[in-house]
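Please open the model in a viewer and display the ligand together with the protein. The tour below proceeds from the ligand site outward, one selection at a time.

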Amino acid sequence: MKSSAPGKIILFGEHAVVYHRPALAVPVNQVQAEAEVLDSDSAGVWIHAPIINLHAELSTLPPNHAIGSVIRQLFSTFQLSSRAGEKGGIAINISSTIPIASGLGSGAAVSVALIRALAAFFSLSLTNNQINEMVYEAEKIHHGTPSGIDNTVITFNQPVYFIKGQPIETFAVGKPFTIVIGDTGVPAPTKESVSDVRKLWLRDNNKYENIFDEIGQISLIARRSIQSGKPELLGELMNENHALLQQLTVSSPELDTLVFAAREAGALGAKLSGGGRGGNMIALAKQAEAKQVAESLIKAGAKNTIITEIK
Ligand code: PMV
């Protein structure tokens, strides 16, 4: 049984979303995580994930192992352990083309693909809400205090307007638009940037509450622009959002270089996307100019680019 799940980008609102401000995220289907569950002659539950160099039996994984915790959660919720496989065991193969720790949601996508593949193997029918809740639990291991935006956009595979703790809102795209994603190639764990922002916020509550408010306003205006078919307005909003993220200290020289290069190459706006400090940035480009923006990003040091149509 095979299942897959897309990557994602946060268009607006990262970090502020942890503090209950709205954020917008969209799936990126050009990159995918895939999980396959098979009967195996070897007893137990064997996990093979070459992308993270993991070849292990479930019981040998520590309690805080994200992949192990997803499987254990599903097994205990549905009392599956005793039914593991017809031949004595099962093998789980995990692969992914989503870069790790770079703001594209690799952890959440692996969890979603894994739960779907296990559910299919054990003939369980799970709702998206059930999957989303389980993946959120695993996200806590990756992120510490995640807002839940990654698991939501990836589970539902639709653009979402996300406010922590509120019902999930997907939104319609009035007119398609093109986003160029540039990877700094610098892995940066989201947990660290989220925890650093928390320290700043604890030190100067007023200042950072104001920044979060401004970011929240940008997400709100951006949603309206997207829904009403005026995506060209997003460029300036991206630039403003990037400046606010710089104030949160989550940009980096590499991200700033790529953001600047994208704007120089004709992008309508650009910003970092996700946890920051490394990982990916995004730029809004006219469709005909997207390739040129992507090429300029590579010249400026990007390790990889993806051009994606948001619709
Ligand atoms: O680094 P990513 O793309 O997985 O997402 C991080 C988004 C944050 O707002 C920084 C954290 C969160 O949990 O929402």
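Begin by selecting the ligand: the space that it takes is the largest pocket of this predicted model.

Next, select the shell, that is, the residues with a heavy atom within 4 Å of the ligand. There are 16 residues around the ligand, and those that come nearest are Lys 8, Ser 147, Asp 150, Thr 190 and Gly 275. Colouring the shell by residue class gives six nonpolar, seven polar and three charged residues.

Now show side chains and turn to the polar atoms. At Lys 8, a polar side-chain atom is placed 2.5 Å from an oxygen atom of the ligand. At Ser 147, an N or O atom of the side chain is likewise 2.5 Å from a ligand oxygen atom. Moving on to Thr 190, the distance from a side-chain N or O atom to an oxygen atom of the ligand is 2.6 Å. A surface view adds the matter of cover: the ligand taken alone exposes 380 Å², of which the protein buries 97%.

Switch to a cartoon and highlight strand S1 (2–12), helix H4 (149–156) and helix H5 (190–203); each of these elements supplies at least two residues of the shell.

Finally, colour domain 1 (2–169) and domain 2 (172–310) separately. Where does the ligand lie relative to these domains? Both domains give residues to the shell, so the ligand lies between them.

Terms used: Residues numbered from 1 in each chain as written. Predicted model: local features only at pLDDT ≥ 70, side-chain atom pairs only at ≥ 80, totals over all residues. Heavy atoms only, no water. Polar contact = N/O pair within 3.5 Å; in protein donor to acceptor, adjacent residues only side chain to side chain. Areas by Shrake-Rupley, 256 points an atom, 1.4 Å probe, with all protein chains shown as cover. 1 Å grid on protein atoms, 1.4 Å probe; cavity = no way out; pocket = protein on both sides within 12 Å on 5 of 7 lines; lining within 4 Å. Sits in = over half its atoms within 2 Å of the grid points. Helix = DSSP H or I, 4+ residues; strand = E, 2+ residues; numbered from the N terminus. Nonpolar A, V, L, I, M, F, W, Y, C, P; charged D, E, K, R; others polar. Domains from an automatic or database assignment.
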